[in-house]
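Dear colleague,

Please find below the structure that I am handing over to you. My notes on the cysteines and on the pocket follow it.

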Amino acid sequence: MNHQNVNYQKELDKLTESLEEAGRVPRLFLHSCCAPCSSYVLEYLSEFFEITVFYYNPNIFPESEYAKRLSEQQDFITNINFKYPVSFRAGNYDKEKFYELSRGLEHLKEGGARCFKCYELRLKESAKEAVKGGFDYFTTTLSISPMKNAGKLNSIGMKVADQYGVKYLPSDFKKKNGYKRSIELSKEHGLYRQDYCGCKFSLAERKELH
């Protein structure tokens with residue numbers, strides 16, 4: 001399958017319509033990279049799922065930035081009312097795993113092979129935890145970013161789903177003005193919006209551009 005040509009938003013629309021028709025509210029394990037990216041995704045998906053937000057981002061540098069984003073994610077969930085329950089779980093700050101997978105790829109620009117390995121690291125951990133918790137689906141907020149390759153993300157997600165035996169929820173959250181809505185919600189709730197993806201390589205790249 002050519003994952004670049006699939007409309008993942010349409011796939012998600014079909015699924016949510018069938019859930020509503022069946023009167024089902026499945027449990028979703030949602031990997032989140034940060035509160036701003038999760039804002040629209042939670043507003044949207046909490047209409048159909050009972051969600052546990054999983055903050056697992058060992059790529060984030062420095063540790064103070066990691067802690068800031070973690071706190072912001074927790075605060076956002078605590079302060080918003082959702083249709084169905086939304087809870088929170090933090091993963092381990094496995095930064096050594098991120099640096100291990102980055103070895104030899106440090107020089108690559110953002111959006112290349114190093115990023116794809118980082119996606120896979122976070123999706124694998126999410127899938128493992130979803131299986132442990134008996135969740136119906138897992139997915140990630142990452143596809144909301146215009147900088148992220150939704151086709152690649154979904155391809156990795158489905159491969160990981162097959163490996164661990166849990167369903168992957170297809171997504172391209174930037175569609176239907178999702179990214180624009182996330183900016184609106186961030187302003188509305190005063191969320192801290194970082195100006196780089198998270199890792200020290202993306203931070204260095206941003207500094208070079210400025």
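Is Cys197 buried, partly exposed or exposed? Cys197 is partly exposed, and its relative accessible area is 26%. Please bear in mind that this is a predicted model.

Disulfides. A search of the whole structure returned zero disulfides. A pair of cysteine sulfur atoms has to lie within 2.5 Å to count as a disulfide. For Cys197, the closest cysteine sulfur belongs to Cys199 and lies 6.0 Å away, so the two are too far apart for a bond. For Cys115, the closest cysteine sulfur is that of Cys197, and a bond is again ruled out because the distance is 6.2 Å. Cys115 is buried, with a relative accessible area of 12%, whereas Cys197, as stated above, is partly exposed.

The largest pocket. Cys197 also appears here: together with Met147, Gln194, Asp195 and Tyr196, it lies nearest the centre of the largest pocket. This pocket holds about 510 Å³ of space, and 24 residues line it. Two helices, α2 (35-45) and α8 (200-209), each contribute at least two residues to the lining. The largest share comes from α8, which provides four residues. Sorted by class, the lining comprises eleven nonpolar, eight charged and five polar residues.

In short, Cys197 links the two topics: its sulfur is too far from the closest cysteine sulfur for a bond, and the residue is among those nearest the centre of the largest pocket.

With kind regards

Conventions. Residues numbered from 1 in each chain as written. Predicted model: local features only at pLDDT ≥ 70, side-chain atom pairs only at ≥ 80, totals over all residues. Heavy atoms only, no water. Buried < 20%, exposed > 50% of the residue type's maximum accessible area, 1.4 Å probe, protein only. 1 Å grid on protein atoms, 1.4 Å probe; cavity = no way out; pocket = protein on both sides within 12 Å on 5 of 7 lines; lining within 4 Å. Points joined across faces, edges and corners; volume = space filled by probe spheres on them. Nonpolar A, V, L, I, M, F, W, Y, C, P; charged D, E, K, R; others polar.
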